[in-house]
Amino acid sequence: MNRRISPVNPAWPLVLRLAGLWLIWSAWASLAGWILSATGSLSRMGYILATPFLIGFWVLWWRHTCPPGLSAFRALTRCRKGKRQWLLLCFQIVAVLSLIAALVHIPWSRDGVTFRLPRCLYWLMEGHWYWIGTIDGRLDYASCGTEWQMIPLLLLSKTDRFLFLLSYLPFLLLPGLTYLGGRTLGVGRKPLLIWMWILPCSYCIALQCSGLQNDGYATAYTLACLAFAGRAIRHRDSLACALAG
């Protein structure tokens, strides 16, 4: 089946613009963490000096994707009647309750307090990443992606109360990313207009979006990859192709 490829790139959907900001943040956090660690500058001042690069990439991305496009994000406005309205309401209730839980309670998870947060504190104490060498080997062999995103929040805010944002903000993007990702796979619009609200409310994702858990964290990355890949295929957009990769 041949797909029609648009020769002109239309306006970027709002959800992709926001997802792009989040992906830039993820990449910046890892690069800044490793670079500052390699130079022995893993400190608050090091991240303050690295922050202008993040802001600069954000500005370039936002300007490149202007004017704001809402055409492919209309799915969020099509839930005014019937069952879809109740699905939208359910997602809103879950989002509000999760935010309240995150603000009222200290962010916690077994993995977070056992090795993720401790290894961040070890590295900050030494000013760089290093092989800790403890009985709990996860402090050494577990991937560092989540930790590199935790450290700047810990240093710049001087508290762990905002660490829930690493899971909560991608959670808010899931409905739009589910819709666009599903369209990339050829799923029909009508079922997606229902499942885009059901998937974010699933047990693992909804339960963990207000704490330090990251079992469902990769869901947003996967859906964002599909959404950007869909735009790259339909419109031959090189920037979308780069983000999908």
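These are my notebook entries on what I looked up in this predicted model.

**Entry 1: helix α7**

I began with helix α7, which runs over residues 165-184, and I wanted to know whether its length fits its residue count. At 1.5 Å a residue, its 20 residues should span 28 Å, and I found its end C-alpha atoms 28 Å apart, which agrees. I then followed the axis of the helix and noted that α7 bends by about 45 degrees at L174, with a proline, P175, following within four residues. Turning to the surroundings of α7, I saw that 16 of its 20 residues are buried, so the helix is largely enclosed by the rest of the structure.

**Entry 2: the two sides of α7**

Just after α7 I came to G186, which takes a positive phi of about 90 degrees. On the other side, in the loop between α6 (145-157) and α7, I looked up K158. Its phi is near 60 degrees, and I marked this as a positive value in a residue other than glycine. K158 counts as exposed because its relative accessible area is 64%, and the cut-off for that word is over 50%.

**Entry 3: the nonpolar core**

Which residues have the most contacts inside the largest nonpolar core? I found that this core has 62 residues, and that Y47, L177 and F228 are the ones with the most contacts inside it. I then listed the elements that give two or more residues to the core, and they are α1 (14-38), α2 (44-64), α3 (82-104), α4 (110-126), α6, α7, α8 (189-198) and α10 (217-235). The largest share, 12 residues, comes from α1. Leaving aside its neighbours within four places in sequence, Y47 is in contact with several residues, among them W28, A32, L36, W148 and P152.

**Entry 4: salt bridges**

A search of the whole structure gave me five salt bridges. I recalled that side chains of opposite charge can pair when their charged atoms come close. In one of the bridges, R116 joins E147, with the closest N and O atoms 3.0 Å apart. R116 lies in helix α4 and E147 in helix α6, so this pair ties together parts that are 31 residues apart in sequence. I checked both partners for exposure, and R116 and E147 are both buried.

Next I looked at D111, whose side chain meets that of R110 in a salt bridge at 3.7 Å, N to O, and also meets that of R138 at 3.6 Å. Since D111 lies in helix α4 and R138 in helix α5 (residues 138-141), the latter pair ties together parts that are 27 residues apart in sequence. R110 counts as exposed at 54% relative accessibility, whereas D111 is partly exposed at 21%. I also noted that R110, D111, D136 and R138 are linked in a network of salt bridges.

**Entry 5: aromatic rings**

My last search of the whole structure found 16 aromatic pairs. W22 and Y221 form one that is tilted, with 4.5 Å from centre to centre and 35 degrees between the planes. Because W22 lies in helix α1 and Y221 in helix α10, this pair ties together parts that are 199 residues apart in sequence. W22 is buried, with a relative accessible area of 8%, while Y221 is partly exposed at 26%. Finally, I traced a cluster in which ring pairs link W34, W123, W129, W131 and W148; W148 had already come up among the contacts of Y47.

Key: Residues are numbered from 1 along each chain as its sequence is written. This is a predicted model: local features need pLDDT of at least 70, side-chain atom pairs count only at pLDDT 80 or more; totals for chains, interfaces and linings use all residues. Side-chain values use heavy atoms; hydrogens and water are left out. The expected span of a helix is 1.5 Å times one less than its number of residues. The bend at a residue is the angle between axes fitted to the seven residues ending there and the seven starting there. Buried means under 20% relative accessible area, exposed over 50%, partly exposed in between (1.4 Å probe, protein chains only). A nonpolar core is a set of buried Ala, Val, Leu, Ile, Met, Phe, Trp, Tyr and Cys residues joined through side-chain atoms within 4.5 Å. Contact means heavy atoms within 4.5 Å. A salt bridge is a side-chain nitrogen of Lys or Arg within 4 Å of a carboxyl oxygen of Asp or Glu. Rings of Phe, Tyr and Trp (its six-membered ring) pair if their centres lie within 6.5 Å; planes under 30 degrees apart count as stacked, over 60 as edge-to-face and the rest as tilted.
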